[in-house]
Amino acid sequence: VQHGHDFFANLGDVYEKLGKKGDHQDELVAFLRERMKQFFLDKKDAHDLVEMVVSGSLDPYGQLQVLEQVSGFRERDEDGFKLIVETAVRVARLAQKGDGDDVDSALFEHDVELEVFEMLGSIDWDCRASLAMTTMMAMEGLKGFSEVLSRYFEDVLVMVDDAKVQANRLGVLKQVHAVFSRVGDFERVVV
């Protein structure tokens, strides 16, 4: 759901306008992220959700909206939230093993592979919707997606001997990981 302004990337523009070459930009970004993290923790937000959201590129207001929506989802649907986190972490760890995100549907051997691939193609992040609404819709969508991915992992062995099939499956998982990453870094969440 990270579709707003990339607050931290825009700092490069500020440095350029000031005639600087980005001196200390990394330190400034780290400082600002730490300040936002502390702000959210002072509000008594869950530490793991704060880590998940602050690691992204949203502006501070966007981070606040995402944090509130993800926290609300976690409270309303603890089992669904746990499923999302466990699936996202599994996907992230497998996706790291792939080199690219190219996918050839002709290499699919199981119906659920096509189902996951079609779901990837149908995900539409409505940038006109408010960030809060989009985040809530994303969490509901990720829950349904995670249910299908659970079947995927039951039926499909990703790390097969056939290098083409393996690369294809890892390509799908890289694309799936990109979807989860739009909400935040779920590897930082404790369930």
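These notebook entries record what I looked up in a predicted model of a single chain.

**Entry 1. Overall make-up**

I began with the secondary structure and counted eight helices and zero strands. Read along the sequence, the pattern is α-α-α-α-α-α-α-α. I then looked up burial and found that 42% of the 191 residues in the chain are buried. For contacts with a separation of 6 or more, I noted that 75% are between residues 24 or more positions apart.

**Entry 2. Helix 3 and its surroundings**

I next turned to helix 3, which spans residues 47-54. This helix is mostly covered, with seven of its eight residues buried. I listed the buried residues as Asp 48, Leu 49, Val 50, Glu 51, Met 52, Val 53 and Val 54. Against which helices do the buried residues of helix 3 pack? I found helix 2, helix 4 and helix 5.

**Entry 3. Helix 3 against helix 4**

I examined the packing of helix 3 with helix 4, the latter covering residues 60-76. Their axes lie 10 Å apart, and the angle is about 140°. Since angles over 145 degrees count as roughly antiparallel, I recorded helix 3 and helix 4 as oblique to each other. The crossing of helix 3 past helix 4 is right-handed. On the helix 3 side, I noted Asp 48, Leu 49, Val 50, Met 52, Val 53 and Val 54 as the residues that make the contact. On the helix 4 side, the residues are Gln 63, Val 66, Leu 67, Val 70, Ser 71 and Arg 74. I sorted the residues of this contact by class and obtained eight nonpolar, two polar and two charged.

**Entry 4. Helix 6 against helix 8**

I looked up the packing of helix 6 with helix 8 in the same terms. The two axes come within 10 Å and cross at roughly 40°. Angles under 35 degrees count as roughly parallel, so I entered helix 6 and helix 8 as oblique to each other. Their crossing is left-handed. From helix 6, I noted Glu 113, Val 116, Phe 117 and Leu 120, which meet Arg 169, Val 172, Gln 175, Val 176 and Val 179 of helix 8. By class, I recorded six nonpolar, one polar and two charged residues in the contact of helix 6 with helix 8.

**Entry 5. The largest nonpolar core**

I then traced the largest nonpolar core, which holds 44 residues. Which of its residues touch the most other members? I found Met 139, Leu 142, Leu 149, Tyr 152, Val 176 and Phe 186. The elements giving two or more residues to this core are helix 2 (25-42), helix 3, helix 4, helix 5 (78-95), helix 6 (111-122), helix 7 (131-155) and helix 8 (163-181). Helix 7 provides the largest share of the core, with nine residues.

I followed Leu 149 further and set aside its neighbours within four places in sequence. The remaining contacts of Leu 149 are with Thr 87, Val 91, Val 116, Val 176 and Phe 180. Of these, Val 116 and Val 176 also belong to the contact of helix 6 with helix 8.

**Entry 6. Thr 135**

Finally, I looked up Thr 135, which is placed in helix 7. Is Thr 135 buried or exposed? I recorded Thr 135 as buried, because its relative accessible area is 0%. I also noted the separation of the C-alpha atoms of Thr 135 and Arg 182, which is 9.3 Å. Thr 135 and Arg 182 are 47 residues apart along the chain.

Note on methods: Residues are numbered from 1 along each chain as its sequence is written. This is a predicted model: local features need pLDDT of at least 70, side-chain atom pairs count only at pLDDT 80 or more; totals for chains, interfaces and linings use all residues. Side-chain values use heavy atoms; hydrogens and water are left out. Axes are lines fitted to C-alpha atoms, for helices over the stretch in contact, and angles run from 0 to 180 degrees between N-to-C directions. Helices (H or I, at least four residues) and strands (E, at least two) are DSSP runs, numbered from the N terminus. Angles under 35 degrees count as roughly parallel, over 145 as roughly antiparallel, 65 to 115 as roughly perpendicular and the rest as oblique. A crossing is left-handed if the near helix is turned anticlockwise from the far one by less than a right angle, and right-handed if clockwise. Contact means heavy atoms within 4.5 Å. Ala, Val, Leu, Ile, Met, Phe, Trp, Tyr, Cys and Pro count as nonpolar, Asp, Glu, Lys and Arg as charged, and the others, Gly among them, as polar. A nonpolar core is a set of buried Ala, Val, Leu, Ile, Met, Phe, Trp, Tyr and Cys residues joined through side-chain atoms within 4.5 Å. Buried means under 20% relative accessible area, exposed over 50%, partly exposed in between (1.4 Å probe, protein chains only).
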